[in-house]
Amino acid sequence: MTQTVAVLGTGKIGEALLSGMIRAGWRPADLLVTTRRGDRAQELHTRYGVESVTNAEAARHADILILAVKPQDMGKLLDELAPHVTADRLVISAAAGITTAFIEDRLTPDTPVVRVMPNTPVLVDEGMSVISAGSHATGAHLATAEEIFGGVGKTLRVPESQQDAATALSGSGPAYFYFLVEAMTDAGILLGLPRAQAHDLIVQAAIGAAVMLRDSGEHPVKLREAVTSPAGTTISAIRELENHGVRAALIAALEAARDRSRELASGNG
């Protein structure tokens with residue numbers, strides 16, 4: 001951990017990574033941040049003891065550059081970085097839909113680029129970050145990205161050709177669960193429960209089910225069958241979900257998210 005890391009674009013995701021690295025043992029003296037506002041820079045310095053620099057200074061001095069800006073800001077950022085980034089730097093992009101080729105084409109030839117798609121639970125150290133290598137990234141570069149993003153959750157390596165599917169499933173995944181919790185809360189109110197009680201019941205059921213799914217190693221079908229007794233309440237609910245095409249709707253929704261990710265990657269924003 002003697003390398004210098006710069007987080008460019010220290011919004012919620014960028015700050016989560018910064019916090020995770022410090023908890024994992026990175027020294028604040030080895031971390032740099034870039035921000036748009038002076039008050040934000042002061043806030044991060046007060047909270048973490050890190051120095052705020054310009055994008056150009058980050059490119060000149062950091063060994064690892066984490067690009068955590070919005071996808072629409074990536075082109076402008078790369079224009080600022082290009083004159084200062086040498087091929088011995090590692091560039092990690094956490095911007096949705098931005099390909100490694102897009103970044104490589106705008107930087108010094110042979111610059112190693114790693115693409116990462118995190119999701120918002122990195123904010124509570126329960127993220128899922130999907131990692132792919134660019135044309136010049138090695139296994140060591142991927143391991144470095146895993147070390148950084150592993151501080152805020154789990155990581156998974158995939159070929160970049162699978163990033164759009166991973167974005168649909170994992171990157172957008174938390175929103176689908178929030179949507180289901182919202183719908184189930186409304187159902188609980190319809191059934192006569194106060195909103196707060198319905199919310200608490202559903203959230204704890206979701207947490208418990210997720211932990212069982214993760215820790216038991218059982219297939220979700222087997223876990224569902226354990227709750228589904230003959231002629232019982234659960235099978236009646238499952239029948240209605242199937243009658244209303246919920247499974248098919250989820251598959252269609254994920255396909256739509258994947259297709260939109262492809263559009264963003266091709267520049268058709």
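Let me start with helix H6 (residues 139–149), which lies across S4, S5, S6, strand S7 (127–133) and S8, running at about 160° to S8; here axes are lines fitted to C-alpha atoms, for helices over the stretch in contact, and angles run from 0 to 180 degrees between N-to-C directions. Please keep in mind that this is a predicted model, in which local features need pLDDT of at least 70 and side-chain atom pairs count only at pLDDT 80 or more, while totals for chains, interfaces and linings use all residues. Residues are numbered from 1 along each chain as its sequence is written, and side-chain values use heavy atoms, with hydrogens and water left out. Helices (H or I, at least four residues) and strands (E, at least two) are DSSP runs, numbered from the N terminus.

Now the sheet. Eight strands form an open sheet with mixed pairing, in the order S3-S2-S1-S4-S5-S6-S7-S8, and its edge strands, S3 (51–52) and S8 (153–157), each pair on one side only; two strands pair if DSSP finds at least two bridges between them. S2 and S3 run parallel and are joined by two bridges, and Leu 32 has Glu 51 in S3 as its bridge partner.

Turning to helix H4 (residues 74–81), its buried residues are Met 74, Gly 75, Leu 77, Leu 78 and Leu 81, where buried means under 20% relative accessible area, exposed over 50% and partly exposed in between (1.4 Å probe, protein chains only). Why do they sit on the same side of H4? Because they cover an arc of only 160° around the axis, taken from the directions from the helix axis to the C-beta atoms. The face turned away from that buried side carries the exposed residues Lys 76 and Asp 79. H4 lies across S1, S4 and S5, at about 160° to S4, and the cover over its buried residues includes helix H3 (55–61) and helix H5 (100–104).

As for the interior, the largest nonpolar core has 27 residues, of which Met 21, Ile 66, Ile 92, Val 114 and Ile 148 touch the most other members; such a core is a set of buried Ala, Val, Leu, Ile, Met, Phe, Trp, Tyr and Cys residues joined through side-chain atoms within 4.5 Å. A second, separate core of 21 residues includes Leu 77 and Val 113.

Finally, Ser 170 lies in helix H7 (residues 163–171) and is buried, with a relative accessible area of 14%. Leaving aside neighbours within four places in sequence, Ser 170 is in contact (heavy atoms within 4.5 Å) with Asn 119 and Met 128.
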